[in-house]
There are 4 protein chains.
Amino acid sequence: MTSRSEITVRYAETDQMGVVYHGNYFPWFEIGRTTLLKDMGYSYKELEDENILLPVTEVTCQYKESAKYDDVVEIRTKVKEMKGVRITFSYELYRKADQQLLASGTTTHAFVNRAFKPINIKKQFPAFYQKLI
Amino acid sequence: MTSRSEITVRYAETDQMGVVYHGNYFPWFEIGRTTLLKDMGYSYKELEDENILLPVTEVTCQYKESAKYDDVVEIRTKVKEMKGVRITFSYELYRKADQQLLASGTTTHAFVNRAFKPINIKKQFPAFYQKLI
Amino acid sequence: MTSRSEITVRYAETDQMGVVYHGNYFPWFEIGRTTLLKDMGYSYKELEDENILLPVTEVTCQYKESAKYDDVVEIRTKVKEMKGVRITFSYELYRKADQQLLASGTTTHAFVNRAFKPINIKKQFPAFYQKLI
Amino acid sequence: MTSRSEITVRYAETDQMGVVYHGNYFPWFEIGRTTLLKDMGYSYKELEDENILLPVTEVTCQYKESAKYDDVVEIRTKVKEMKGVRITFSYELYRKADQQLLASGTTTHAFVNRAFKPINIKKQFPAFYQKLI
């Protein structure tokens, strides 16, 4: 399952190089995985309300072409790997106008409760687990 | 009492106009008032641990000259007004190299607890109140 | 003329108080005025390409209720005042779900060229000026 | 050569999980490599003025422990690899109070001019190249 979302680049996201600051791609990845979860029937907000948090344990990002102010960027997100207490999402960012690949990356997350203790999703939330694998 | 702090402009704080994005002055004001509180013997972190929060209810900022990447900026902060459950801090930002005034502004805060209920600082924390007036 | 735009609050925009960091409302205001300009037939990106920049000279914001993660926020923007080389936009932010007013504010901008020299919009760009007044 | 710099975590850098948002580590890495360049006798600001830009082509970050508001974080930076038109910096972030490793990561950069054309640093700037290898 690949989820699609879209953002328009904000002026605030650019830097003096005239392109989007590299760190500002991570909030876009966040929108991507939030949308993917919604497409699966889960709201990250509600997961947190039910005491399931997904702190980030690792990220990677390769930048191919610069995103620029006012560009419409398409975010394609999927689950790359799910094992034990960790999940990895992968992302591809495309400039909508010409379908140019701008960047690709991954984020890995632990499933923990609000006390940051690991949660065994497979055992405790089997329905959610089935969606993710 | 005027408190002084200093920051060096980060690349991430600039935008494609080649200067600091206007919204990025507010984290600097935050550093200013945090330093002022520390100079008074209070840590904002500890205030939060003791269930005293200072959410922002109003801000103003006038921009005179642009702050630029790698500029060292001096932040001068003082309490402008303290009344009832609200406090207003005022800030002046100077470019350190030539003491040029870059911007001035204010932030107003409510004293509340974690449930966002107002706290009467004068009655409940008289020692802290005496420092602030 | 009042323009309407919408954003969904990003996790990255929250802080440890559990609500949106106050400085993060300014990129939303930016989306509001960008949309207003688009509704008038102008793209801020194209204005910059034609050497018309709108640096911010002053901002104000009053915060009434906290915006929270995943809230859909409606941004209503209009021109408040246009005089000489300055323009002031006013903004109202509403939580879409219940039409609760979250914040209101203003941003004032100078019309300048890339060398930051003032531009007389009325004389040099009369068609644009007519839209703004 | 390992360079050391220090930052204090800003409230604005936290999110509602009560820790620093993962994307906000990249401006810290930026401070790390800026300091490393300064320790080598180069200012990134001056490099840009001389038409040498270092856009990011790849990043990685592993998060071990959460950085929290008001933590003092030590950034240790070195050149990991320099080949052809690319340079990779590596970073380790430590909580100063107890020397706990919080995160480690890398950023890879291309050397380009303002037109984003690759620069052969070894040939065109041999003195700078010698510092980097």
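Q: How many residues of chain B are in contact with chain C?
A: The idea first: two residues are in contact if their C-beta atoms, placed from the backbone, lie within 7 Å. Bear in mind that this is a predicted model, where local features need pLDDT (the predictor's confidence in each residue, from 0 to 100) of at least 70, side-chain atom pairs count only at pLDDT 80 or more, and totals for chains, interfaces and linings use all residues. For the labels, residues are numbered from 1 along each chain as its sequence is written, while chains are lettered from A and ligands numbered from 1 in the order in which they are written. In this case, 15 residues of chain B are in contact with 15 residues of chain C.

Q: Which elements of chain B each supply at least two residues of the side that touches chain C?
A: Elements here are DSSP runs, numbered from the N terminus: helices (H or I, at least four residues) and strands (E, at least two). Two of them qualify on this side of chain B, helix H1 (26-39) and strand S2 (56-63). S2(B) gives the largest share, eight residues.

Q: What is that side of chain B made of, by class?
A: You sort by residue type: Ala, Val, Leu, Ile, Met, Phe, Trp, Tyr, Cys and Pro are nonpolar, Asp, Glu, Lys and Arg are charged, and the others, Gly among them, are polar. On chain B the side facing chain C comes out as nine nonpolar, five polar and one charged residues.

Q: In what sense do S2(B) and S2(C) pair?
A: Strands pair if DSSP finds at least two bridges between them. Strand S2 (residues 56-63) of chain C runs antiparallel to S2(B), with five bridges joining the two. If you want a spot to zoom in on, Cys61(B) has Val59(C) as its bridge partner.

Q: What turn and shift lay chain B on chain C?
A: Copies are superposed by least squares on the C-alpha atoms of residues with pLDDT of at least 70 in both. For chains B and C, a turn of 180 degrees with a shift of 0.0 Å along the axis does it, at an RMSD of 0.0 Å. Thr60(B) is the residue of chain B closest to that axis, its C-alpha lying at 2.2 Å. Since 100% of the interface residues of chain B are also interface residues in chain C, the copies meet through the same surface.

Q: And what rotation superposes chain A on chain C?
A: Chain A goes onto chain C by a rotation of 180 degrees, with 0.0 Å of shift along the axis and an RMSD of 0.0 Å. The two copies are thus related as by a two-fold rotation axis. On chain A, the C-alpha of Ile7(A) comes closest to the axis, at 5.0 Å.

Q: How many residues of chain A and chain C does their contact take?
A: Nine from chain A and nine from chain C. Helix H1 (residues 26-39) of chain A gives the most to the chain A side, three residues. By class, that side holds five nonpolar, no polar and four charged residues.

Q: Is H1(B) mostly covered or mostly uncovered?
A: Count C-beta atoms, placed from the backbone, within 10 Å of a residue's own: 20 or more others make it buried, 12 or fewer exposed, and anything in between partly exposed. H1(B) is mostly covered, with ten of its 14 residues buried; Trp28(B), Phe29(B) and Leu36(B) are among them. The buried residues pack against strand S1 (3-8), helix H2 (44-49), S2, strand S3 (72-83), S4 and S5 of chain B.

Q: What should the 14 residues of H1(B) span?
A: The expected span is 1.5 Å times one less than the number of residues. For H1(B) that gives 20 Å, and its end C-alpha atoms are 20 Å apart, which agrees. After the helix comes Gly41(B), with a positive phi near 95 degrees.

Q: Where is Gln99(B) found?
A: In the loop between strand S4 (86-95) and strand S5 (100-110) of chain B. Gln99(B) isn't a glycine, yet its phi is positive, near 55 degrees. It counts as exposed, because just 8 other C-beta atoms lie within 10 Å.

Q: What about the phi of Asn51(C)?
A: It is positive too, about 75 degrees, and Asn51(C) is not a glycine either. Look for Asn51(C) in the loop between helix H2 (44-49) and S2 of chain C.
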